[in-house]
Amino acid sequence: MADDIETEGSEELDQQAMADEWAAAMEEQETVDDIVDSTASDSGALALDELESEGSPRELGPELDLILDIPVNISMEVGSTAITIRNLLQLNQGSVIELDRLAGEPLDVKVNGTLIAHGEVVVVNEKFGIRMTDVISPSERIKKLR
């Protein structure tokens, strides 16, 4: 009985500690977003090619400087669908899967699984690329997380 009470108490402490860590992380993210927003509004826009062309990133502040070299995964999602495992196991070469998007609709551009923009497929030097048609603002992305 006493062990059960101790376990419940430690689980509550763990949950509280995790909630505190999330709150701190969200505050830190808001600070970084404020820096990015103010920098973008000061210069008119914060272009990725401007950052890369200067050899070293512009002085955007020590907080943002720390994260500029962190790798992230960017993916473009054409569409999605849900199928049963039975149907998944029956797929073979030549199978066609119907997606939830119409032809010509913009693709979703995701960074680490988070939607950041919509775009359209282009061909650049015989390779596929994507032209951003609608970029979601950092403040809107934060609102979606809450």
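Strands, as the term is used here, are DSSP runs of E with at least two residues, numbered from the N terminus. With that in mind, a good place to start in this predicted model is a hairpin formed by β2 and β3, with 2 residues between the two strands. In the turn sits Asn112, whose phi is positive, at about 50°. Strand β2 covers residues 107-111, and β3 covers residues 114-124. The two strands are antiparallel and are joined by 5 bridges; one of the pairs brings Val111 together with Thr114 in β3.

The hairpin belongs to a wider arrangement, an open sheet of 4 strands in the order β1-β2-β3-β4, with antiparallel pairing. At the edges lie β1 (74-77) and β4 (127-135), each of which pairs on one side only. On average, neighbouring strands of this sheet are turned by 40° against each other, direction ignored. In general, the strands of a sheet pair through backbone hydrogen bonds.

On its other side, β2 meets the edge strand β1, and 4 bridges link this antiparallel pair. Among the residues involved, Ile74 has Val111 as its bridge partner, while Ser75 stands opposite Lys110. Val111 is thus a partner of Ile74 as well as of Thr114. Strand β2 is mostly covered, with 4 of its 5 residues buried.

The approach to β2 offers a contrast. Ala103 is found in the loop between α4 (85-89) and β2, and this residue is exposed because its relative accessible area is 83%, where exposed means over 50%. Along the chain, Ala103 and Val78 are 25 residues apart, and their C-alpha atoms are separated by 9.5 Å.

How values were computed: Residues numbered from 1 in each chain as written. Predicted model: local features only at pLDDT ≥ 70, side-chain atom pairs only at ≥ 80, totals over all residues. Heavy atoms only, no water. Pairing = 2+ DSSP bridges. Axes fitted to C-alpha atoms, helices over the stretch in contact; angles between N-to-C directions. Buried < 20%, exposed > 50% of the residue type's maximum accessible area, 1.4 Å probe, protein only.
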